[in-house]
Amino acid sequence: MTNLPYFVSLEEALEICCQTKPAVESEIVNLDDAHGRILAQDLASLVNDPPFDNSAMDGFAVRYEDTRSPPTDLKIIATIQASGQEDDVLVSKGEAARIMTGAPMPDGADAILQVELCETDGDNVRLLQEGMKHFIRYKGENMTKDQIALNIGAHLTPSRVGLCATMGHEKIPVVKRLKVAIISTGDELKQPGEELARGEIYESNSFGIAGLVKWLGHEPVRMQCVDDTLDALRISLNEAANTCDLILTSGGVSMGEWDLVRKIMEEEGDLHFWRIKLRPGSPPLFGTWNNCPIFGLPGNPVSSHVVFRMLVAPWLRDATSADGPKEARTTARLGTDVKSTQDCLTLRRVSLETTSTGLVAHQKVHQGSGNLASIAWSDGFVVLQPTCTKQAGDVVDVIIL
Ligand code: AMP
Ligand code: MG
């Protein structure tokens, strides 16, 4: 115990926990099931995109040379639809082909004029301007066959799932969702829907944390709440380690007499650090229980949320080489003073306002670590280094939620 890293910086904490990695496997899924997953291999395109030269506009395909002194009268020799079934269309001098967006370019044509700039009269068309070469989308100009367009670890956002389809992949290899056990501890906790007796509160952490686990593309397993006894905790941790890839507990990691997660990890687990220089969220611990990685998150709802975003999420992304999802970071001008702490990286919850002179951050809500509404009603965290209290008007770093 004497050498246990204690009250470490967030960076040190991350470095320590990233030395312990969960077993990560991959599986093949249909594109319909790929949203939010993490790509398990580099993905090369099976085709050129686009696969053939085509028109970017509804209009007429022409020979540019013919159109240099508008207006130009040309003879319409064919109509080419996006399915491009009309073969062997050849546009010769003095001719034009009516063409739809996405339809293959006919031979001979090297420019397009959009339909709005053309007047038709039976089989003839008058072009009011020169043809435009940039309205041709050339074969392979977006992506070429065999090009790796998405790398291992790519978080599959909607546009990336669409890109997999553009590349011709029906199924793709993704990281198997990690099963994440969530165990809330505390004699005072009741399930929403139950009656509260004196001294009791509703258990909220497991629900919020389950949402964060899903956000990262993994599978939360909300286990039964555990009373504050070592025996109940031991049974629950054993079951979680047997059935899941990661354990997240909430509560019981502070200095108190009943902080049994810390106690059981000290006595029976393998503890890698305890407490970090982060506020809210200084109490957490990390280690392994029966070889299963375990984060002991604080019980205070804001603290557990913050520790998940700042520590558990980066650890999960590192474990799967995932490039997302993650919060956007930016800077903003302060509309109110915000206080740092003496020794910790401090996150204050703020509302963000877009103004003509840029983003402005206002600290509006009570910042207590028990006040979950302070996150739910906010747009972001202002990030303050230790002792660096800031005043209204100062520019600060912001994490957007
Ligand atoms: P603890 O870390 O166990 O001392 O808990 C710190 C504070 O968080 C106490 O006020 C607890 O009642 C509260 N708390 C602990 N666990 C939860 C939970 N799962 N949901 C909501 N509040 C909790
Ligand atoms: Mg407790």
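Domain bounds here come from an automatic or database domain assignment. That assignment splits the protein into domain 1 (6–25 + 176–319), domain 2 (28–46 + 150–175), domain 3 (54–137) and domain 4 (328–400). The C-alpha centres of domain 1 and domain 3 are 64 Å apart.

This is a predicted model, in which local features need pLDDT of at least 70, side-chain atom pairs count only at pLDDT 80 or more, and totals for chains, interfaces and linings use all residues. Residues are numbered from 1 along each chain as its sequence is written, chains are lettered from A and ligands numbered from 1 in written order, and side-chain values use heavy atoms, without hydrogens and water.

**The ligand**

Which residues are closest to ligand 1? They are E188, E203, S204, G252 and G299, out of 16 that surround the ligand. A residue counts as near if one of its heavy atoms lies within 4 Å. By class, this shell has four nonpolar, nine polar and three charged residues. Ala, Val, Leu, Ile, Met, Phe, Trp, Tyr, Cys and Pro count as nonpolar; Asp, Glu, Lys and Arg count as charged; the others, Gly among them, are polar.

Polar contacts are pairs of N or O atoms within 3.5 Å. The table lists three of them.

| Residue | Its N or O atom | Ligand 1 atom | Distance |
|---|---|---|---|
| E203 | side chain | nitrogen | 2.9 Å |
| G299 | backbone | oxygen | 3.2 Å |
| N300 | backbone | oxygen | 3.2 Å |

Taken alone, ligand 1 exposes 480 Å², and the protein buries 76% of that. Such areas come from the Shrake-Rupley method with a 1.4 Å probe.

**The pockets**

A pocket is an open set of points on a 1 Å grid over the protein atoms alone, where a 1.4 Å probe fits, with protein on both sides within 12 Å along at least five of seven lines; lining residues have an atom within 4 Å of a point. The largest pocket holds about 380 Å³ of space. Its lining has 24 residues, and T185, E188, G251, G299 and N300 are the closest to its centre. Ligand 1 takes up this largest pocket; a molecule sits in a pocket if more than half of its atoms lie within 2 Å of the grid points.

Methods: A polar contact is a pair of N or O atoms within 3.5 Å; within protein, one must be able to donate a hydrogen and the other to accept it, and residues adjacent in sequence count only if both atoms are side-chain atoms. Grid points are joined across faces, edges and corners, and a volume is the space filled by probe spheres set on the points.
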